[in-house]
Amino acid sequence: MNAPLIIVGAGIAGLCAALAAAPRPVLLLNRSPPVRDGGSDAATALAQGGIAAALAAGDSAEAHVADTLVAGAQHNERSAVEYLCTQGAHAIEWLQAQGVEFDRDAIGALALGREGGHRCARIVHAGGDASGARVLAALTRRVQAARHVRWRSGVEVNALLVRGDAVAGVRVRSLGGREQFLTASAVLLATGGVGGLFAATTNPESAQGRGLALALAAHAPMRDLEFVQFHPTALAVQSGVRLPLLTEALRGAGAVLRDAAGVALMQGVHELADLAPRDIVARCVFAALQSGRGAFLHCEHLGLDWEHAFPTVLAQCHAHGFDPRTQPLPVQPAAHFHMGGIAVDLDGRSSVPGLYAVGEVACNGLHGANRLASNSLLEGVVYGRRVGAHAAKSATDPLRRRTLWIADPGHALEPEALARLRRCVGESLGPLRARQRIDAARHFIGADANLAGSAQGKVALAMLEAAAARRESLGAHHWEVNEAIDATQSA
Ligand SMILES: Cc1cc2nc3c(=O)[nH]c(=O)nc-3n(C[C@H](O)[C@H](O)[C@H](O)COP(=O)(O)OP(=O)(O)OC[C@H]3O[C@@H](n4cnc5c(N)ncnc54)[C@H](O)[C@@H]3O)c2cc1C
């Protein structure tokens, strides 16, 4: 059995899985260069707030479970949540052992921040709001030093090889356009999310659901594709598809959302006000913008050491001509995180033999209908390690199966067609949904052979179909008022 375990994606989930697979040989394939060499397109590199773990005196894994279930509208897979939350403290210790230096308070204890949906301070962070980049840099160093891992960057996996009924390899395309087939004992997809399919997102533009498209082509079932989390506070600037994020930790530190007249948007809407679960805050901001009231994040009163606590936010604001210390910041919701994904069990197994998935591309039910803030980096560590170890052990011999076929998800769209798709997805799968817009979007994509035959178009259609099939409002999937009534009446 000489073929390696192939892991696709070098964000937090792929890197943790690669380390946990030792001593099994791993071939790690990634589109962008490692973060240390600059230019990583992993969402992990952009993560600001940090990692949730029940570490504070008086906090507990049970309380973290309860908050995760409330945020997820109780749509979560309870066993997946319990495993995540009970592993939280251990995951932080393990990251420290890998070289991550988390921020500390005045007495040298880990500094804990607070974010939406958490009933206490529970978020460890590094470099202020540079948590993701710091974690990614440390894990990259570890993986580059690991003797069992061979890392090839600058390659895009654009098809899966299926032998008999099992995934047995991949087809890669280099930046220069050369294609090559690579055999694997099993393939683990850790390819991240779908924000880049929306007109406005906090994600890297390249996060276009390529892992979902590969799995769809191999006939792997999906789960909960309709649930897309919108971050309520992206900086509202005309800067293209990816908008700068204003981390929720700002509201944890006391920042307040107000309309243009100064009225607090979240007052009286939820008992946690500005720290209500993200889907609720995102809908309020969206509604305020739709009705012309405007939406602004007020940070002027915080009296923070900005360079130390929020250097990333400060630099982003300055780059766009804003100063959070002296003026309110215009905000808008932007596609941020995909709760749905390739349906997997807690060991990352899809129902196609030899195909595993972990991280944002996967769905084991952990996040339910709406992710609790800062649970996804934790997911990358906890499930990345579990799934990597499992995929390494249960690898099968591909040579024993006969017929070989290529699961090809379709072409990648040219920029102009991609822009049309993004507008269509942004209008139909936003924080407030209408059946008419979803049907129109399905028709629009289906009637255009270029869009419908593309990898991105197929993922968009699968998400639209999932949204159309869910009759009730739940978590991040929210019908406009009349739709909810119609859905209830016809149920
Ligand atoms: C701005 C921002 C802030 C965030 N802040 C937080 C936070 O504070 N706390 C938190 O818990 N979560 C946060 N999140 C969410 C979290 O960062 C992501 O959910 C998580 O990092 C996803 O990790 P991943 O390993 O699954 O995917 P990613 O980190 O996105 O990595 C995917 C990798 O797969 C590669 N890839 C994709 N397709 C292919 C292909 N076909 N072939 C080869 N390579 C491919 C990409 O190059 C990329 O390197 C934030 C997200 C964003 C966008």
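I will talk about two sites in this predicted model, the shell around the ligand and the second largest pocket.

Let me begin with the ligand, which is surrounded by 37 residues, and the closest of these are Asp41, Thr44, Gly50, Glu360 and Leu377. By class, that shell divides into 14 nonpolar residues, 17 polar ones and six charged ones.

As for polar atoms, an oxygen atom of the ligand sits 3.0 Å from an N or O atom in the side chain of Asn30, while a nitrogen atom of the ligand lies 3.1 Å from a backbone N or O atom of Arg31. A polar backbone atom of Gln48 is 3.3 Å from a nitrogen atom of the ligand. On its own the ligand has 1000 Å² of accessible area, and the protein covers 97% of that. The elements giving two or more residues to this shell are helix H1 (12-20), strand E7 (155-163), strand E15 (329-338) and helix H11 (375-393).

Now to the second largest pocket, which holds about 490 Å³ of space. Of the 23 residues that line this pocket, Ala200, Phe286, Gln332, Pro333 and Gly426 are the closest to its centre. Two or more lining residues come from each of helix H8 (278-290), E15 and helix H12 (415-428), and E15 was also listed for the ligand shell. The lining divides into 13 nonpolar, seven polar and three charged residues.

Which domains each give at least three residues to the lining of this pocket? They are domain 2 (230-284 + 296-336) and domain 3 (414-491).

Key. Residues are numbered from 1 along each chain as its sequence is written. This is a predicted model: local features need pLDDT of at least 70, side-chain atom pairs count only at pLDDT 80 or more; totals for chains, interfaces and linings use all residues. Side-chain values use heavy atoms; hydrogens and water are left out. A residue is near a molecule or strand if one of its heavy atoms lies within 4 Å of it. A polar contact is a pair of N or O atoms within 3.5 Å; within protein, one must be able to donate a hydrogen and the other to accept it, and residues adjacent in sequence count only if both atoms are side-chain atoms. Accessible areas come from the Shrake-Rupley method with a 1.4 Å probe; for residues, only the protein chains shown count as cover. Helices (H or I, at least four residues) and strands (E, at least two) are DSSP runs, numbered from the N terminus. Ala, Val, Leu, Ile, Met, Phe, Trp, Tyr, Cys and Pro count as nonpolar, Asp, Glu, Lys and Arg as charged, and the others, Gly among them, as polar. On a 1 Å grid over the protein atoms alone, a cavity is a set of points where a 1.4 Å probe fits but cannot get out, and a pocket is an open set with protein on both sides within 12 Å along at least five of seven lines; lining residues have an atom within 4 Å of a point. Grid points are joined across faces, edges and corners, and a volume is the space filled by probe spheres set on the points. Domain bounds come from an automatic or database domain assignment.
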